[in-house]
Amino acid sequence: MRLIVYLALRDLLHERVQLACNIAVLAGVIVPLMVLFGVKNGVYDALVGRLLSDPRSLQIDTLGNESFGPGDAELVRGWEESGFVTLKTRSVFDYVNIRVEGGRTRREALLVPSGTGDPNLPTSLTLGDGEAAVSAGLARQLDITVGQRIQAVTQAEDRPRQLLQTLTVVAVLPEARAQGRSVLASLEVLDRVEAFYDAYALPEFGITAGRPLAERSVEFEGLRSFARRLEDLAPLQARIESEFGIGTEARTAEVSAILGLGKNLDLAMIFTAAVAGLGLAAALVFGFWGEIVRKRRNIAALALLGIGGRALWLYPVIQSLVAGVLGLVVSFLLFWGAAEFAERLFDTGLTAGSRLVSLGFGQLAAISALVVVFVVVTSLFAARDASQTDPAEVLREGAL
């Protein structure tokens with residue numbers, strides 16, 4: 001075993017030109033494929049990353065003024081496609097005036113139903129009744145910082161007093177999470193605004209005039225839902241529409257288009273790799289086979305020394321394995337250079353914060369394993385021919 005390995009390596013070093021040719025053939029196929037896969041990963045990951053960075057990509061809103069109850073929200077929340085789910089009050093009551101506690105400057109803002117688990121909120125942030133997250137635009141205009149208390153002021157012509165709800169700011173959200181002037185608060189905050197407009201009494205807020213709140217039926221206008229994953233958006237939207245017989249609004253077309261692009265790119269990459277693999281296989285098979293034919297006298301001499309049968313199978317396999325490993329090393333170096341050149345050459349802004357050409361460690365490991373297996377398998381054709389070499393016949397041919 002050691003002898004055949006030693007002889008195969010010595011012969012490989014002696015045939016450096018042929019070794020360089022095999023390495024060049026491998027690198028010439030592997031590097032372009034790696035660059036193609038890397039660009040596909042970089043661009044697709046950038047597109048998906050943009051969708052994921054905007055929670056609205058996962059959001060589904062019901063349309064129109066429908067009637068929903070807490071049980072409906074619990075039903076949707078229990079579906080495997082669902083992430084965060086909350087009810088919505090009537091849209092006519094979504095706007096309130098916001099001011100810093102003790103301040104005089106007010107700004108009208110959109111009141112958005114939210115809660116713990118809302119994708120618009122920072123991860124692990126707890127948002128309870130009496131707490132709120134404000135948009136960056138509203139925070140700039142009113143000079144609001146985290147920890148301050150703000151007041152949501154609601155007034156109606158037929159109510160003698162304003163509804164004043166004091167909320168503690170627990171987060172200031174970037175524009176990507178909350179645009180314009182908006183306040184994300186618990187559903188209870190919005191429900192009290194609706195009850196105020198519906199002329200119900202709210203004694204705990206100093207509003208004693210109006211109908212008793214106990215007589216009020218708990219109904220909501222719609223649902224604000226978020227899919228758990230991008231792949232769940234279309235199924236969740238279809239399920240909501242089918243369950244409640246309503247229309248919904250979501251970015252399903254945009255998300256589906258990008259997910260479909262990823263699948264088509266994968267198919268294109270697989271087809272390209274398959275065609276390139278066939279060409280590489282043909283080149284390697286004939287290359288290794290040609291080497292065995294050219295070295296028949298050497299192999300015959302090994303057989304006469306007692307190295308024959310299955311042992312001769314290792315001769316071309318070892319040489320091809322070394323060529324494959326060296327080809328991978330050269331390919332990785334060339335790929336790194338090509339990736340760096342591409343990063344400098346193409347400045348589209350699409351992959352801001354990430355790389356245009358990207359291959360993960362798992363992908364590189366899979367490519368390495370496939371190349372090694374591929375090279376060894378193609379070398380078996382040459383190994384079979386080597387093991388069947390008849391020393392006597394070869395020596396007679398040389399004597400003629």
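Select serine 135 and leucine 173 to start: in this predicted model, serine 135 stands opposite leucine 173 in β7. Now widen the selection to the two strands around them. Five bridges join β5 to strand β7 (residues 163–173), and the two run parallel.

Next, look at the other neighbour of β5. Strand β5 (residues 131–135) is joined to strand β8 (residues 182–186) by three bridges, this time antiparallel. To see the register, pick out alanine 132, which stands opposite alanine 185 in β8, and then alanine 133, which faces leucine 184 in that strand. While β5 is highlighted, colour by accessibility: four of its five residues are buried, so the strand is mostly covered.

**The barrel**

Zoom out and show the strands as a cartoon. You can follow a closed barrel of six strands in the order β3-β4-β8-β5-β7-β6, with mixed pairing. Neighbouring strands of this sheet are turned by 45° against each other on average, direction ignored.

**The core**

Which residues have the most contacts inside the largest nonpolar core? Show side chains for Ile98, Leu111, Val134, Leu138, Ile144, Ile150 and Val183; they head the contacts in this core of 26 residues. At least two core residues come from each of β3 (95–100), β4 (107–114), β5, α4 (136–142), β6 (149–154), β7, β8 and α5 (187–197). Helix α5 gives the most, with four residues.

**Salt bridges around the barrel strands**

Stay with sticks and select glutamate 101 and arginine 149, whose side chains meet in a salt bridge (3.0 Å, N to O). Glutamate 101 lies in the loop between β3 and β4 and arginine 149 in strand β6, so this pair ties together parts that are 48 residues apart in sequence. Glutamate 101 is partly exposed at 38% relative accessibility, and arginine 149 is also partly exposed, at 40%.

Then go to arginine 140 and glutamate 175, another salt bridge (3.2 Å, N to O). Here helix α4 holds arginine 140 and the loop between β7 and β8 holds glutamate 175, 35 residues apart. Arginine 140 is exposed, with a relative accessible area of 60%, while glutamate 175 is partly exposed at 33%.

For a larger group, select Arg90, Asp191, Glu194, Asp198 and Arg216, which are linked in a network of salt bridges.

**Strand β1 and its partners**

Move to strand β1 (residues 59–62). Both of its faces are covered: Gln59 and Asp61 on one side, Ile60 and Thr62 on the other, are all buried. Three bridges join β1 to β9, antiparallel, and aspartate 61 stands opposite arginine 224 in β9. β1 also pairs with strand β10 (residues 248–250) in the antiparallel sense over three bridges; there, isoleucine 60 has alanine 250 as its bridge partner.

From β9 (222–227), follow the loop towards α6 (233–244) and stop at leucine 230. Is leucine 230 buried or exposed? It is buried, with a relative accessible area of 6%.

In helix α6 you will also find arginine 239, whose partner glutamate 81 sits in the loop between α3 (70–77) and β2 (82–88), 158 residues apart. The closest N and O atoms of this salt bridge are 3.1 Å apart. Glutamate 81 is buried at 11% relative accessible area, whereas arginine 239 is partly exposed at 36%.

**Last stop: a surface patch**

Finish with a surface view of Leu321, Val325, Val329 and Leu333, which make a nonpolar patch of about 330 Å². Valine 325 is found in helix α9 (residues 314–345) and is partly exposed, with a relative accessible area of 41%.

Note on methods: Residues are numbered from 1 along each chain as its sequence is written. This is a predicted model: local features need pLDDT of at least 70, side-chain atom pairs count only at pLDDT 80 or more; totals for chains, interfaces and linings use all residues. Side-chain values use heavy atoms; hydrogens and water are left out. Two strands pair if DSSP finds at least two bridges between them. Axes are lines fitted to C-alpha atoms, for helices over the stretch in contact, and angles run from 0 to 180 degrees between N-to-C directions. Patches are made of residues with over 30% relative accessible area and no salt bridge: like charges are joined within 9 Å, nonpolar side chains (Val, Leu, Ile, Met, Phe, Trp, Tyr) within 5 Å. Accessible areas come from the Shrake-Rupley method with a 1.4 Å probe; for residues, only the protein chains shown count as cover. A salt bridge is a side-chain nitrogen of Lys or Arg within 4 Å of a carboxyl oxygen of Asp or Glu. Buried means under 20% relative accessible area, exposed over 50%, partly exposed in between (1.4 Å probe, protein chains only). A nonpolar core is a set of buried Ala, Val, Leu, Ile, Met, Phe, Trp, Tyr and Cys residues joined through side-chain atoms within 4.5 Å.
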